[in-house]
Amino acid sequence: MQVRIRTIRWEADGINSYILEPVGGGMMPPFEPGAHVDLQLEKGLARSYSLVNDPAIRGYYEIAVHHAIDGRGGSRHIHEQWRVGQIVEMSEPKNNFPMVEDASHTVLVAGGIGITPMLPMIARLEKLGRSWELHYVAASPDRAAYVDRVEDYDRVEIAYDGVPGGQRLDLKAICGRAPTDAHLYCCGPTGMLDAFVATNADRPKGHAHIEYFSAETELATDGGYTLELVKSGKTIAVEEGETMLDALLMAGVDIGFACSEGICGTCQVKVLDGVPDHRDHFLTDEEKAANKLIMVCCSGAKTANLVLDI
Ligand code: FES
């Protein structure tokens, strides 16, 4: 769908928020807390961003973008090229980070721009009258977005770990005191997510939820294998130095993608034969072991041939 940039607002050093409204008025599609949209920035450049606003607000979406100076160009494009009034291409909302709304207690842990999916969660939890707490760490007050939206609630901890005398979140203590049947959510840098997963390893399955906003994904670019596409009838050689997605796009295969680093799930394809070399952070360990799905933006092949259902 096409949306218009209604407002651009400074939220913190390097972080702008963008209000996107339907072209021609009307309502935005409904979304659930934790959802994101994929934005098509230019040909071959798409990125996913969490929706920030209260899902009960239907007239617009709000996203926030951290300008990653050493990133791969998506946030730079938005910070440098987006202007108020411009029309941009956006997907329908998708949710890889859904919230269990009837949990006895909800623990939200955010690092930096990872605060964004937590805001609609808080709005919904407040509306439902549920028990929740938030732990939010940023480098410094200047670099912490949306503090004004959360600081007045009870049970909110805000920490700054990049200032003299600053402190980190004590994940062991935070997660350790959460009841066994609580649901815990973490969005932040990879190191924080890894620590969160390790800390909650003994929790009941499905009670500790994570979302990457970027990942240090090592793309499979060794090449040397062939893709057989059953629906389009094409056979494509993936050469050394290119990803599977590169090879598919070069061959004119119309395939959706957004993050290009194995975190958003947009480029998922069914595998009919062969063994993928999974590099993504999206599929579960069980799904990876089953070898029935592959994220083509980052993964490769362990066999000379992969048969894909596209
Ligand atoms: S494009 Fe996001 S997982 Fe592949």
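Hi everyone, let me start with a pocket: in the lining of the second largest one, helix α2 gives the largest share, five residues. A word on the basis: this is a predicted model, where local features need pLDDT of at least 70 and side-chain atom pairs count only at pLDDT 80 or more, while totals for chains, interfaces and linings use all residues. Residues are numbered from 1 along each chain as its sequence is written, and side-chain values use heavy atoms, with hydrogens and water left out.

Back to our pocket. By pocket I mean an open set of points on a 1 Å grid over the protein atoms alone, with protein on both sides within 12 Å along at least five of seven lines; lining residues have an atom within 4 Å of a point. The space in this one is about 190 Å³, where volume is the space filled by probe spheres set on the points, joined across faces, edges and corners. Its lining has 14 residues, and those closest to the centre are V52, D54, L119, A123 and R149. Helices α2 (118-128) and α3 (147-150) each supply at least two lining residues; helices here are DSSP runs of H or I with at least four residues, strands are E runs of at least two, and both are numbered from the N terminus.

What classes of residue make up that lining? There are nine nonpolar, one polar and four charged. Nonpolar covers Ala, Val, Leu, Ile, Met, Phe, Trp, Tyr, Cys and Pro, charged covers Asp, Glu, Lys and Arg, and the others, Gly among them, are polar.

Now the domains, whose bounds come from an automatic or database assignment. The chain divides into domain 1 (2-90), domain 2 (106-212) and domain 3 (225-308). Domains 1 and 2 each give at least three residues to the pocket lining. The C-alpha centres of domains 2 and 3 are 33 Å apart.

Next, a hairpin. Strands β3 (residues 36-42) and β4 pair antiparallel over six bridges; pairing takes at least two DSSP bridges. V37 sits opposite Y49 in β4. Two residues separate the strands, and G44 has a positive phi near 80°. In β4 (residues 45-50), five of the six residues are buried, meaning under 20% relative accessible area with a 1.4 Å probe, protein chains only; over 50% is exposed, and in between is partly exposed.

Finally, how many disulfides does the structure hold? Zero, taking a disulfide as two cysteine sulfur atoms within 2.5 Å. For C186, the nearest cysteine sulfur, that of C187, is 7.2 Å away. C186 counts as buried because its relative accessibility is 0%. C264 is buried too, at 7%. Thanks for listening!

Note on methods: 1 Å grid on protein atoms, 1.4 Å probe; cavity = no way out; pocket = protein on both sides within 12 Å on 5 of 7 lines; lining within 4 Å.
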